[in-house]
Amino acid sequence: MNPRSIQFRLVAWYTGLLTGIFVLLFTLLFLRLQIFLVNDLRETQLRRAHQVANTLLVRVGETGEPFVAGQVNEWYSPEINDRFVRITRAHGTLIYASRRPHDGSFDPAEVPVLSPVPTREVSREIKLSNGKTLLVAALPFKSPESSAVYIIEFGELLDPVQAMLRHLFLQLAEGLPLAVIIIAVGGYWLVRRALMPVAQITRAAESITQHNLSERLPVPHTGDELERLSISLNRMIARLDDAFQNSKRFVADASHELRTPMTILRGELEALTENKQLDAAVREQAGSMLEEVARLSKIVQQLFALSRLDAGEAQTEWARFDLAELAQTTAGQMNLLAEDKKIAIQCATSQPVFIEGDRARLKQVVVNLLDNAIKYTPPHGQIHLRVRSENERALLEVEDNGIGIPREALPHVFERFFRVDPARTGEAESAGLGLSIVKSICTAHGAEVEAVSVPQTGSCFRVKFSMPGK
Ligand code: ADP
């Protein structure tokens, strides 16, 4: 998962926050439980002390101290119940003291006598030599009969409480990683569900190009920000579509309208150049004007071809045909042009390679690529035209050993009106539209076109078609 994605960040934040809240709640719960259990134990001890005071010591004058000691031993059986009980008269006289409990868990002699005599209830946590802690609550009691002050002490080990808390802590510590995993997986699932429309919108947006601007993004009917965003994006695409259609219509109309006056102009100029009654200088001028008009009409023709391709016209004449045969015929027709420059076109097309497409348009691809190769290869150069099938794709290659294309210009050669350098041989007469026509035709056929070139060594243009039924 990408750590910078919204999905990852939301899950990380949510998991971190919930884990933090859990840890905080567990700690609070643990501390409160500890305080509650120790207080409860202390209150139990004090309750027993009050019991002794209110039922036995209150009548000590009548019953005598040995009776009290006997009763306490009988009621509480401290040795059996692992308790500490001690009753002393103020200033030291011992009335009753429990012995070491049966399990030997502590030695009562380790509990120091309270001094000075407390005036109210007190409780102490006494650290014993065996590492255990004894919680002892003491209650001073003044006998109403004899005015003697007694200190009643009840105590119990804190160990069971501590063992229970330790156990609880371990349970929580063991459960926490599991809770974190459940939170993270649950969070991932929730966020994924919530962001699913974003992935769909992204996929749809990426598939929209100038050729399918009429398509729209899916609108999730959730009533949230994503619904509003996709509606706004769809409105934006509609505006772009309008603008694009307008500009395409303008280029198509303009090039169409220009064709007729251009043809008339050419005819008139041709007539002027051939008119022997005119002065030679005027005829020469008319001749150079004719060249410019020819160039102009080629540009208009190319613009018209591009606008028709933009309108999706390449798919009207779809048929299955042999690309190798098309390449060979076209190379034969262009041989005259190449021979003028003493350039040899080697055509390597051993086997038929069938593809589906608009034959006339694909012929234009071969013509444009060969035309460039001838234009940008010095006399006595070599051009290789190859057609073959490779990895279930049909491949058309035009390779020359001409002037090549500089590295920085290579990514731009398929752009409209791009020329590497108008000062280069052959570039002055052309407008930089030939390769954009190649690209448009290839795109309309679902084919890829790429160029590799080394300056002063040569260039190679490669078109990859998918084959019918593959
Ligand atoms: P043009 O019709 O002006 O030749 P293209 O679109 O066909 O325009 O080509 C764009 C530019 O790419 C050209 O100006 C030229 O500099 C360069 N180019 C195209 N083919 C070749 C080639 N075979 N060798 C060298 N440069 C080339």
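Here are two short exercises, with worked solutions, on the pockets of this predicted model.

Residues are numbered from 1 along each chain as its sequence is written. In this predicted model local features need pLDDT of at least 70 and side-chain atom pairs pLDDT 80 or more, while totals for chains, interfaces and linings use all residues, and side-chain values use heavy atoms, without hydrogens or water.

**Exercise 1.** Describe the largest pocket and its lining.

*Solution.* Start with size: the volume is about 650 Å³. A pocket here is an open set of points on a 1 Å grid over the protein atoms alone, where a 1.4 Å probe fits, with protein on both sides within 12 Å along at least five of seven lines; lining residues have an atom within 4 Å of a point. Next, look at the centre: of 38 lining residues, Asn368, Asn372, Leu433, Gly434 and Leu435 are the closest to it. Then turn to the elements (DSSP runs: helices H or I, at least four residues; strands E, at least two). Two or more lining residues come from each of α6 (280-310), α8 (359-375), α9 (434-444) and β12 (458-466). The largest share, 10 residues, belongs to α8.

**Exercise 2.** Now do likewise for the second largest pocket.

*Solution.* Its volume is about 260 Å³. Among the 10 residues that line the second largest pocket, Gln7, Leu195, Met196, Val198 and Ala199 lie nearest its centre. Two helices, α1 (6-55) and α4 (159-207), are the elements that give two or more residues to this lining. Of these, α4 gives the most, with six residues.

Technical notes
Grid points are joined across faces, edges and corners, and a volume is the space filled by probe spheres set on the points.
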